[in-house]
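Hi,

Here is the structure I said I would pass on to you. Have a look at it first, and then read my notes underneath.

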Amino acid sequence: MNDLIGELSRTPAGLRLDGRYVNNLSYADDMVLLSPSMKRLRKLIKICEGYAKEHNLTYNVNKTEMIILRSGEVPQNIPVVCINGQPVKIVDSFKYLGQIVSSCLKDDADIERQRRALCVVGNMIARKFNRSAPDVPCTFPVA
């Protein structure tokens, strides 16, 4: 995968930040391609398809999603993007490395997910101490 990441990083497509192109975020076998246009996104996908073919790999289009980040109106007439001839599903949000990314650039869904997780942990702790003797302190010393 390092060869693919290197080839993508050397490609002048993606988001231009401080004179460099940032077009992929990768962790293990999870990859996010970043592009300001469909033309450049297709260029990045073509590189990925070439790498997959060369290394006898197959991308699972059923696990592939595309999100269009927007700060205003919803774009109309979004062109189809394909991987190996199959269209990629467009979604309003997706989860990457445990974080929810939404097309409207808000973090409400991720905050709600974290709030629920905290409630679960709090309830587990309360359940464990529920049967303790009344003289057992219910507060913990602060280190």
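Below is what I found, starting with one helix and moving on to the pocket and a single residue.

First, a caution: this is a predicted model.

A good place to start is helix 2, which covers residues 38-54. It has 17 residues and spans 24 Å from its first C-alpha to its last, close to the 24 Å expected at 1.5 Å a residue. Its buried residues are Leu41, Leu44, Ile45, Ile47, Cys48, Tyr51 and Ala52. Looking down the axis of helix 2, you will find these buried residues within an arc of 150°, so they line one face of the helix. Turn to the face pointing away from that buried side and you meet the exposed residues Lys39, Lys46, Lys53 and Glu54.

What covers the buried residues of helix 2? The cover includes helix 1 (2-10), strand 4 (30-33), strand 5 (65-67) and strand 6 (82-83). Just past the end of helix 2, Asn56 has a positive phi of about 55°.

Helix 1 has buried residues too, namely Leu4, Gly6 and Leu8. They pack against strand 3 (24-27), strand 4 and helix 2.

Now for the pocket. The largest one has a volume of about 1400 Å³. Its lining is made up of 38 residues, and those nearest the centre are Met31, Val32, Leu33, Thr64 and Glu65. Which element gives the most to this lining? That is helix 2, with six residues. Strand 4, helix 2, strand 5 and strand 9 (93-96) each supply at least two residues of the lining. By type, the lining residues of the largest pocket split into 28 nonpolar, five polar and five charged.

One last residue to look up is Arg40, which also sits in helix 2. Is Arg40 buried, exposed or partly exposed? Its relative accessibility is 35%, so Arg40 counts as partly exposed; buried would need a value under 20%, and exposed one over 50%. Setting aside neighbours within four places in sequence, Arg40 is in contact with Ala13, Gly14 and Ser35. If you want a sense of distance, Arg40 and Val120 are 80 residues apart in sequence and 43 Å apart in space, C-alpha to C-alpha.

That's everything from me for now.

Cheers

Key
Residues are numbered from 1 along each chain as its sequence is written. This is a predicted model: local features need pLDDT of at least 70, side-chain atom pairs count only at pLDDT 80 or more; totals for chains, interfaces and linings use all residues. Side-chain values use heavy atoms; hydrogens and water are left out. Helices (H or I, at least four residues) and strands (E, at least two) are DSSP runs, numbered from the N terminus. The expected span of a helix is 1.5 Å times one less than its number of residues. Buried means under 20% relative accessible area, exposed over 50%, partly exposed in between (1.4 Å probe, protein chains only). The arc is that of the directions from the helix axis to the C-beta atoms. Contact means heavy atoms within 4.5 Å. On a 1 Å grid over the protein atoms alone, a cavity is a set of points where a 1.4 Å probe fits but cannot get out, and a pocket is an open set with protein on both sides within 12 Å along at least five of seven lines; lining residues have an atom within 4 Å of a point. Grid points are joined across faces, edges and corners, and a volume is the space filled by probe spheres set on the points. Ala, Val, Leu, Ile, Met, Phe, Trp, Tyr, Cys and Pro count as nonpolar, Asp, Glu, Lys and Arg as charged, and the others, Gly among them, as polar.
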